[in-house]
Amino acid sequence: MMSHDIPPARFIEHSWLSISVPNAIMVGALIVLFILALVLPFPGGEGSGEQR
Amino acid sequence: MSQTSEDRSQTRGNWTAALGEAAERNLPFSKLLPGTQPAYVASWIYVFGVLTLVCLALIIATGVVLTIFGPSWWHTSLAGHYINSLHFWSVQLFFLFMVVHLWGKFWMAAWRGGRARTWITGGLAFVVSIIAGLTGYLLQTNLDSQWIAFEAKDGLNATGVGAVFNVANLGQILMFHVFLLPAVIAAVVLGHVLWVRLRGVVPPIDAAAIEAARSEGASR
């Protein structure tokens with residue numbers, strides 16, 4: 001039998017902002033992933049012109 | 001392929017021939033399945049669209065298995081739990097990749113160069129996917145899904161959609177989730193991908209300047 005007594009998430013409250021810690025972690029992870037996608041070099045991405 | 005005025009007069013009023021000719025003219029196989037891409041595509045930010053498509057394929061494949069065996073199977077058997085989890089996590093990654101894809105395209109103003117339809121179909125796919133995700137949560141057939149349905153119903157009823165989209169009606173939500181919404185998403189995503197192929201992948205805003213600097217450097 002599955003248990004459903006999962007405790008509610010903690011919330012970050014600041015002025016108008018109210019966000020659960022898991023959601024804040026996900027937003028942070030997305031921003032980090034976005035920045036990494038912009039700055040990390042792509043394998044075989046050197047050189048110019050058309051490539052496979 | 002060049003077309004004589006006699007050919008054109010023969011296909012006038014014939015929509016199947018006209019459609020075939022337009023497809024042949026605008027979307028030849030060299031454009032539909034290109035062997036090369038411009039140099040600027042070699043960046044991680046250009047990977048997230050296709051990652052989203054991979055997740056969509058996984059969602060559909062696992063969804064088909066869940067549809068065949070049903071809730072009693074996915075709640076009680078090990079294989080059912082596994083496929084159910086694959087379906088769930090494919091959805092999580094689908095949204096994660098789609099959001100990064102959206103951000104990437106937003107900041108490079110991807111609607112440039114006659115790509116407005118690509119941008120609109122992408123936005124539409126995002127919105128319809130959110131509704132599909134909600135209906136998926138409603139179909140867990142457990143306490144969570146009941147709680148979500150009764151939290152969502154008042155908000156949805158306030159907008160007036162309750163008559164045609166009743167989150168407390170399991171049968172209706174099931175049909176939305178396994179047929180109507182996947183059909184809409186498939187059609188919209190197909191249009192999105194075809195328009196990407198038609199117009200080509202959007203270049204970065206400074207692509208022309210980079211290419212010019214490169215060719216100038218190479219010529220020295």
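## A greasy patch on the surface

Which residues make the nonpolar surface patch of about 780 Å²? Most of the names to look for carry the letter A: V27(A), I31(A), V32(A), I35(A), L36(A), L38(A), V39(A) and L40(A), and they are joined by W44(B). Keep in mind while you look around that this is a predicted model.

Let's pick out one member of the patch. L36(A) sits in helix α1 of chain A, which covers residues 21–39. Its relative accessible area is 38%, so L36(A) counts as partly exposed.

## One salt bridge

How many salt bridges does the structure hold over all chains? Just one. To find it, go to chain B, where K153(B) pairs up with D154(B). The closest N and O atoms of this pair are 2.9 Å apart.

Is either partner tucked away or out in the open? K153(B) has a relative accessibility of 23%, so it is classed as partly exposed. D154(B) comes out at 47%, and it is partly exposed too.

## Two helices packing in chain B

Now turn to helix α7 (residues 116–138) and helix α8 (residues 143–159), both in chain B. When two helices pack, people describe them by the angle between their axes and the distance between those axes. Here the angle is about 135° and the axes are 8 Å apart. That angle is why α7(B) and α8(B) are called oblique to each other.

Which residues do the touching? On the α7(B) side you'll find L134(B), Y137(B) and L138(B). They meet S145(B), I148(B), A149(B) and L156(B) in α8(B).

## A buried threonine

Stay with helix α7 of chain B for a moment, since T135(B) lies there as well. Is T135(B) buried or exposed? Its relative accessible area is 0%, and buried means under 20%, so T135(B) is buried.

What does T135(B) touch, if you skip residues up to four places away in sequence? The list is F165(B), I173(B), F176(B), H177(B) and L181(B).

## Apart in sequence, but how far in space?

One last stop: P71(B), which is in helix α5 of chain B, a helix spanning residues 71–76. With a relative accessible area of 37%, P71(B) is partly exposed.

Try finding Q140(B) from there. P71(B) and Q140(B) are 69 residues apart in sequence, yet from C-alpha to C-alpha they are 7.9 Å apart in space.

Note on methods: Residues are numbered from 1 along each chain as its sequence is written. Chains are lettered from A and ligands numbered from 1 in the order in which they are written. This is a predicted model: local features need pLDDT of at least 70, side-chain atom pairs count only at pLDDT 80 or more; totals for chains, interfaces and linings use all residues. Side-chain values use heavy atoms; hydrogens and water are left out. Patches are made of residues with over 30% relative accessible area and no salt bridge: like charges are joined within 9 Å, nonpolar side chains (Val, Leu, Ile, Met, Phe, Trp, Tyr) within 5 Å. Accessible areas come from the Shrake-Rupley method with a 1.4 Å probe; for residues, only the protein chains shown count as cover. A salt bridge is a side-chain nitrogen of Lys or Arg within 4 Å of a carboxyl oxygen of Asp or Glu. Helices (H or I, at least four residues) and strands (E, at least two) are DSSP runs, numbered from the N terminus. Buried means under 20% relative accessible area, exposed over 50%, partly exposed in between (1.4 Å probe, protein chains only). Axes are lines fitted to C-alpha atoms, for helices over the stretch in contact, and angles run from 0 to 180 degrees between N-to-C directions. Angles under 35 degrees count as roughly parallel, over 145 as roughly antiparallel, 65 to 115 as roughly perpendicular and the rest as oblique. Contact means heavy atoms within 4.5 Å.
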